[in-house]
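Reader: I'd like to go through this chain with you, from the inside out. Could we start with the empty space?

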Amino acid sequence: MEIEDLKTISEEELVAQAFEEAFKEGELTKDSSQALTKSLGTRSKREVDSSGACNNKGSDKRKSNKRKWKKNAVDEHYIQKVEQLAKVKEKQEEEKAAARLHSFNGSCSSSHSAPISFSRSGRMTSLKSVSLGTKVRVANTQQHMAVQFPEVILCVEIYHYKKTWTKTQEFLVLGRQFLTEMRDKIYCITDEIMKKTGKNDPSGYFLVEDVFCNDFRHPSATDYSKPILDWLQDSKSEALEKWESIASGELPQKQKALLGSKIGPQLPHFKAIQMEKIRFCDLRFRLGAGYLYCHQGDCKHQVVIRDMRLIHPEDVQNRAAYPLITFQPKVRFQKCSVCKIFKAVKVTVDDKWTAENPCYFCELCYYMLHYVNGSLLYDDFSVYDYLHE
């Protein structure tokens with residue numbers, strides 16, 4: 001691209017340039033037409049001398065037609081030039097608009113800076129929606145309860161019961177909410193399996209620092225913390241030894257070396273309370289520390305309170321919508337290994353008529369392969385209900 005291509009041309013300069021170029025070509029056309037006329041005149045003069053006088057009226061008519069043709073040709077040439085330069089001007093205006101859209105020059109006029117401010121505001125809005133807690137999955141609730149001020153929002157993370165490094169859920173919880181409200185939102189596949197088998201246990205507890213928060217809402221719930229507290233009471237020496245091995249680190253070892261064996265780690269004073277009667281604001285906790293959530297007998301999850309802040313106007317102001325789920329991975333399902341179309345609902349292990357072990361089946365394919373007239377063909381395999389990965 002040359003420097004001349006970047007030059008901005010005004011409308012007056014465009015019109016002047018069009019006429020100038022048109023006139024230049026018009027003069028060239030005029031000179032060529034004069035030369036042609038001269039040669040034609042010489043030729044016609046010879047023809048007149050040889051054939052005699054011509055009709056003056058026919059000659060005037062031909063001259064008039066010739067002048068009209070020249071005039072129309074010049075007019076069309078002018079129009080073409082003006083249209084070409086108008087296209088150049090239009091292209092320059094588009095380039096100027098595009099340059100304004102992507103620039104951040106504050107010296108632009110108010111009319112020119114409108115697209116810039118709109119772009120900035122749109123970009124800032126998208127950044128806010130990503131960073132703030134308002135972009136969350138709000139439950140479809142028709143109830144509206146105003147949030148009391150001042151209010152604290154906690155960011156709570158739940159981790160996988162086996163893959164302890166994998167986060168499965170993240171919540172925004174209000175400080176005045178009960179622990180049972182968050183427990184009801186925690187999803188674990190163990191609960192679904194126990195419900196399918198008819199062995200669901202509604203009991204559970206949170207262990208936060210030295211407090212067991214037990215869920216006694218259901219009449220059949222049991223106190224998971226009672227055997228632990230009884231063991232701590234009956235086997236203090238063993239419990240102290242285990243606690244010392246857990247709490248032994250670089251700092252306790254240095255303290256023991258300096259102060260002697262008289263001062264060692266002391267067992268915390270554990271206690272149990274009801275989960276449905278305690279709020280988050282009533283607990284004593286440390287940000288970033290790992291706590292425990294136990295349910296269905298022995299399914300344990302690590303719980304981390306990651307952040308704590310005051311609520312602000314851009315947060316959801318409906319208390320009934322909390323706890324808000326801010327993170328939860330999508331559930332993955334296996335397809336049927338036979339039809340490759342439907343979602344699997346059964347999984348077989350050590351099945352002799354399957355190409356895979358374990359093998360996944362939709363309900364139709366499973367019964368077509370293993371049953372005839374309602375009778376099981378063979379039973380030397382194990383079959384389980386399949387939920388998801």
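Reader: Which residues line the largest cavity?

Author: Keep in mind that this is a predicted model. The count comes to one cavity of 30 Å³ or more, and about 70 Å³ of space lies in the largest cavity. Its lining is made up of Val156, Leu179, Met182, Phe206, Val208, Phe280, Leu283, Tyr291, Val303 and Ile305.

Reader: And which elements each supply at least two residues of that cavity's lining?

Author: By class, the lining of the largest cavity has 10 nonpolar residues, with no polar and no charged ones. The elements that each give at least two of the lining residues are helix H4 (179–183), strand S3 (204–208) and strand S7.

Reader: S7 caught my eye. Which strand does S7 pair with over seven bridges?

Author: S7 covers residues 299–310, and S6 (residues 290–295) is joined to S7 by six bridges, running antiparallel. For the seven bridges, look at Val152, which stands opposite Leu310 in S7. That pairing is also antiparallel, and the strand is S1 (residues 152–159).

Reader: What about the hairpin of S6 and S7: which residue there takes a positive phi?

Author: On the S6 side, Cys294 has Lys300 in S7 as its bridge partner. The hairpin has three residues between the strands. The one with a positive phi, near 50°, is Gln296.

Reader: Now the open space. Which element gives the largest share of the lining of the largest pocket?

Author: The largest pocket has a volume of about 830 Å³. Of the 25 residues that line this pocket, the closest to its centre are His160, Tyr161, Ile189, His388 and Glu389. Strand S2 (167–174), helix H5 (189–197) and strand S13 (382–385) each give two or more residues to the lining. The largest share, four residues, comes from H5.

Reader: How many of the residues in that pocket lining are charged?

Author: Let's split the lining of the largest pocket by class. There are 10 nonpolar residues and eight polar ones. The charged residues come to seven.

Reader: S13 also sits in a sheet. Which strands stand at the edges of that sheet, and why is one side of each left without a neighbour?

Author: Three strands form an open sheet in the order S10-S9-S13, with antiparallel pairing. The edge strands each have a single partner strand, so one side of each has no neighbour in the sheet; they are S10 (359–361) and S13.

Reader: How many bridges join S9 to S10?

Author: S9 spans residues 346–349 and runs antiparallel to S10. Thr348, for instance, stands opposite Cys359 in S10. The bridges joining the two strands number three.

Reader: Which helix packs on the sheet, and what angle does its direction make with that of S10?

Author: The helix spans residues 363–370 and touches S9, S10 and S13. It is H9, and its direction makes an angle with that of S10 of about 110°.

Reader: Let's zoom out. What percentage of the contacts with a separation of 6 or more comes from residues 24 or more positions apart?

Author: The chain has nine helices and 13 strands. Of its 389 residues, 26% count as buried. Among contacts with a separation of 6 or more, the part from residues 24 or more positions apart is 63%.

Definitions and conventions:
Residues numbered from 1 in each chain as written. Predicted model: local features only at pLDDT ≥ 70, side-chain atom pairs only at ≥ 80, totals over all residues. Heavy atoms only, no water. Pairing = 2+ DSSP bridges. 1 Å grid on protein atoms, 1.4 Å probe; cavity = no way out; pocket = protein on both sides within 12 Å on 5 of 7 lines; lining within 4 Å. Points joined across faces, edges and corners; volume = space filled by probe spheres on them. Nonpolar A, V, L, I, M, F, W, Y, C, P; charged D, E, K, R; others polar. Contact = heavy atoms within 4.5 Å. Axes fitted to C-alpha atoms, helices over the stretch in contact; angles between N-to-C directions. Buried < 20%, exposed > 50% of the residue type's maximum accessible area, 1.4 Å probe, protein only.
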